[in-house]
Amino acid sequence: MASMRSRSTKKPGGAVRAPRRPEVNLPELRASAEAPAPDGDYDGVEFEGADLSRTDASGARFLECGIRNCSLDEARWERARLLDSVLEAVTGAGTDLAGAELRDVELLDARLGGVQVHGARLSRVLVRGGKIDFLNLRQSRLLDVTFENCVLVEPDFGGATLERVAFPGCVLRGVEFSGAQLTDVDLRDAAELDIAGGIGQLGGSAINSAQLMDLAPAFAAELGVRVVG
């Protein structure tokens, strides 16, 4: 396992395209009178402080919605579409968003575990603050995604496509990149970076010089190079 903590260092040369941030301007929202349902259509709705555990919102569409201080334990939201929406201080374990679409979404100060987001599409998404354990993004497509000042424990990007993705201020523990395709992925400002697998997939990413030194043994092992003396 390759592990490092970033140190103060100048960024290396070479342009790295930064991810575009979401532009979410919510209108005045109306409170939801009921929990979301399969294939439901929610426009300008706010879910505040609700227990949405074990709800089934598979195939539902959320447009310009606010989901705040809600519990999402074992919620089944497969193939849901979250567009121009904000999720803030949500909690839960086993939330299922497999095959979902998130576009122009802010996920703020979440505390989630075992989230299934495999096969999903994320575009212009900001994940800021909070902690997410065992985030499953296998086979997902991430375009213009920023993880900022959050803790990700064993996130799995196996087989995923990442383009213009950045991790400023993040603690990344046990990251899995096996089979992933990376383009303009910026790891330079990660507060901590621990790669569990797929170090050979880091082509297309940017790291800083201190990280390069820390990763050298892992790169050598990946290439089968023996360092003697």
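Me: How many salt bridges does the structure hold?

Reply: This predicted model holds 19 salt bridges.

Me: What makes Arg 54 and Glu 74 a salt bridge?

Reply: Their side chains come to 3.5 Å, N to O. The cut-off is a Lys or Arg nitrogen within 4 Å of an Asp or Glu carboxyl oxygen, so the pair counts. The two residues are 20 apart: Arg 54 sits in the loop between E4 and E5, and Glu 74 in the loop between strand E6 (66-68) and E7.

Me: Why is Arg 54 called exposed?

Reply: Exposed means over 50% relative accessible area. Arg 54 has 58%, so the label fits. Its partner Glu 74 has 44%, and counts as partly exposed.

Me: What makes Glu 101 and Arg 81 a salt bridge?

Reply: Same reasoning with another pair: the N to O value is 3.1 Å, and the limit is 4 Å, so Glu 101 and Arg 81 qualify. This pair links strand E9, where Glu 101 lies, with strand E7, where Arg 81 lies, 20 residues apart.

Me: Why does Glu 101 count as buried?

Reply: Glu 101 has 11% relative accessibility, and buried means under 20%, so Glu 101 is buried. Arg 81, at 32%, is partly exposed.

Me: What about Glu 192 and Arg 173, how far apart are the closest N and O atoms?

Reply: They are 3.6 Å apart, and the two residues form a salt bridge. Glu 192 is in strand E16 (residues 192-197) and Arg 173 in strand E14, 19 residues apart. Glu 192 is buried at 9%, while Arg 173 is partly exposed at 37%. Elsewhere, salt bridges with shared partners join Arg 17, Arg 141, Asp 144, Glu 163, Arg 164 and Asp 184 into one network.

Me: How do you know that Asp 96 has no salt bridge?

Reply: Look at the nearest side chain of opposite charge, which is Arg 76, 5.6 Å away. A salt bridge needs 4 Å or less, so Asp 96 goes without one, even though Asp 96 is buried. Asp 96 is in the loop between strand E8 (91-93) and strand E9 (101-113). Away from its sequence neighbours, Asp 96 touches Ala 75, Arg 76, Trp 77, Glu 78 and Gln 116.

Me: Okay, on to the rings. How many aromatic pairs are there?

Reply: A search of the whole structure finds eight. One of them is Phe 47 with Phe 62, with ring centres 6.2 Å apart and planes at 70°.

Me: Why is that pair called edge-to-face?

Reply: Centres have to lie within 6.5 Å for a pair, and planes over 60 degrees apart count as edge-to-face. With 6.2 Å and 70°, Phe 47 and Phe 62 pass both tests, so the name fits. Phe 47 is in strand E4 (residues 45-48) and Phe 62 in strand E5 (residues 61-63), 15 residues apart. Both are buried.

Me: And what makes Phe 147 and Phe 167 stacked?

Reply: Their planes are at 5° and their centres 5.1 Å apart. Stacked means planes under 30 degrees apart, so that's the word for this pair. Phe 147 lies in strand E11 (residues 141-148), and Phe 167 in the loop between E13 and strand E14 (171-176), so the pair ties together parts 20 residues apart in sequence. Phe 147 is buried at 2% and Phe 167 at 1%.

Me: Which residues have the most contacts inside the largest nonpolar core?

Reply: They are Phe 62, Trp 77, Phe 147, Phe 157, Leu 162 and Phe 167, in a core of 58 residues. Strand E9 gives the most to this core, with five residues. Trp 77 also belongs to a cluster of ring pairs with Tyr 42, Phe 47 and Phe 62.

Me: What is odd about the phi of Ala 89?

Reply: Phi is positive, about 55°, although Ala 89 is not a glycine. Ala 89 is in the loop between strand E7 (81-88) and E8. Its relative accessible area is 24%, between the 20% and 50% limits, so Ala 89 is partly exposed.

Me: How do you know that the radius of gyration agrees with a compact globule?

Reply: For 229 residues, a compact globule would have a value near 17 Å, and the protein has 18 Å, which agrees.

Terms used:
Residues numbered from 1 in each chain as written. Predicted model: local features only at pLDDT ≥ 70, side-chain atom pairs only at ≥ 80, totals over all residues. Heavy atoms only, no water. Helix = DSSP H or I, 4+ residues; strand = E, 2+ residues; numbered from the N terminus. Buried < 20%, exposed > 50% of the residue type's maximum accessible area, 1.4 Å probe, protein only. Lys, Arg positive; Asp, Glu negative; His and termini not counted. Contact = heavy atoms within 4.5 Å. Phe/Tyr/Trp six-rings, centres within 6.5 Å; stacked < 30°, edge-to-face > 60°. Core = buried A, V, L, I, M, F, W, Y, C linked by side-chain atoms within 4.5 Å. Rg over C-alpha atoms; globule rule 2.2 N^0.38 Å. Lists of a residue's contacts leave out its neighbours within four places in sequence.
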